[in-house]
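Q: Could you take a close look at one part of this structure with me? I would like to follow a single stretch of the chain and then see how it fits with its surroundings.

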Amino acid sequence: MKVFAERLTQLRKSRGLSQATLAKDISVSLGIICYWETGKSDPTAPKIVKVAKYFNVTADYLLGLSD
């Protein structure tokens, strides 16, 4: 899920959000955001949907299935 990690990081930084702020806003731990962004852990489907809704993008975009 390298694409997810890259796109999550890009979306977060482009909106000027810290990892802590994003974690709080989507109700996950800071550690989870760190793991997702470094590719150490993959999000579950419900968490992908939550991130997609938060950033107003599609899950396909986050997963690298569309541009």
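A: Let's start with V57, which sits in the loop between α4 (45-55) and α5 (59-63). Please keep in mind that this is a predicted model. V57 has a relative accessible area of 22%, so it is partly exposed; the limit for buried is under 20%. Once its neighbours within four places in sequence are set aside, V57 is in contact with L11, A52 and L62. Take L11 from that list: 46 residues separate it from V57 in sequence, while their C-alpha atoms are 9.6 Å apart in space.

The loop has another residue that deserves a look, N56. This residue is found in the loop between α4 and α5 and comes just after α4. Its phi is near 60 degrees, a positive value in a residue other than glycine. Most residues other than glycine have a negative phi, which is a good reason to check this spot in your viewer. N56 is exposed because its relative accessible area is 73%, over the 50% cut-off. You can find a similar case at S27, in the loop between α2 and α3. S27 too is a residue other than glycine with a positive phi, near 60 degrees, and with 54% relative accessibility it counts as exposed.

Now step back along the chain into α4 itself. Its buried residues are I48, V51, A52 and F55. They cover an arc of only 100 degrees around the axis, so they lie on the same side of α4. Turned away from that buried side is a face that carries the exposed residues P46 and K53. And what does the buried side of α4 meet? Its buried residues pack against α1 (2-14), α2 (19-25), α3 and α5. A52 appears in both parts of this picture, as a buried residue of α4 and as a contact of V57 in the loop.

Two of those packing partners, α1 and α3, are also linked by charge. R12 and E37 form a salt bridge, with 2.6 Å between the closest N and O atoms. R12 belongs to helix α1 and E37 to helix α3, so the pair ties together parts that are 25 residues apart in sequence. Both ends are buried: R12 has a relative accessible area of 8%, and E37 has 13%. Apart from residues up to four places away in sequence, E37 touches A5, L8, T9, R12 and Q19.

The search of the whole structure finds three salt bridges, and helix α1 takes part in the other pairs as well. K2 and E6 meet through their side chains at 3.8 Å, N to O; they are four residues apart in helix α1, which means about one helical turn separates them. K2 is exposed at 63% relative accessibility, whereas E6 is partly exposed at 44%. The remaining bridge joins D67 and R7, whose closest N and O atoms are 3.4 Å apart. Because D67 lies in the segment after α5 and R7 in helix α1, this pair ties together parts that are 60 residues apart in sequence. Here the two ends contrast: D67 is exposed at 85%, but R7 is buried at 15%.

The segment after α5 also holds L65, which counts as exposed at 62% relative accessibility. Together with M1 and L63, L65 makes a nonpolar surface patch of about 280 Å².

Methods:
Residues numbered from 1 in each chain as written. Predicted model: local features only at pLDDT ≥ 70, side-chain atom pairs only at ≥ 80, totals over all residues. Heavy atoms only, no water. Contact = heavy atoms within 4.5 Å. Helix = DSSP H or I, 4+ residues; strand = E, 2+ residues; numbered from the N terminus. Buried < 20%, exposed > 50% of the residue type's maximum accessible area, 1.4 Å probe, protein only. Arc of directions from axis to C-beta. Patch = residues over 30% accessible without salt bridge, like charges linked within 9 Å, V, L, I, M, F, W, Y side chains within 5 Å. Areas by Shrake-Rupley, 256 points an atom, 1.4 Å probe, with all protein chains shown as cover. Salt bridge = Lys/Arg side-chain N within 4 Å of Asp/Glu carboxyl O.
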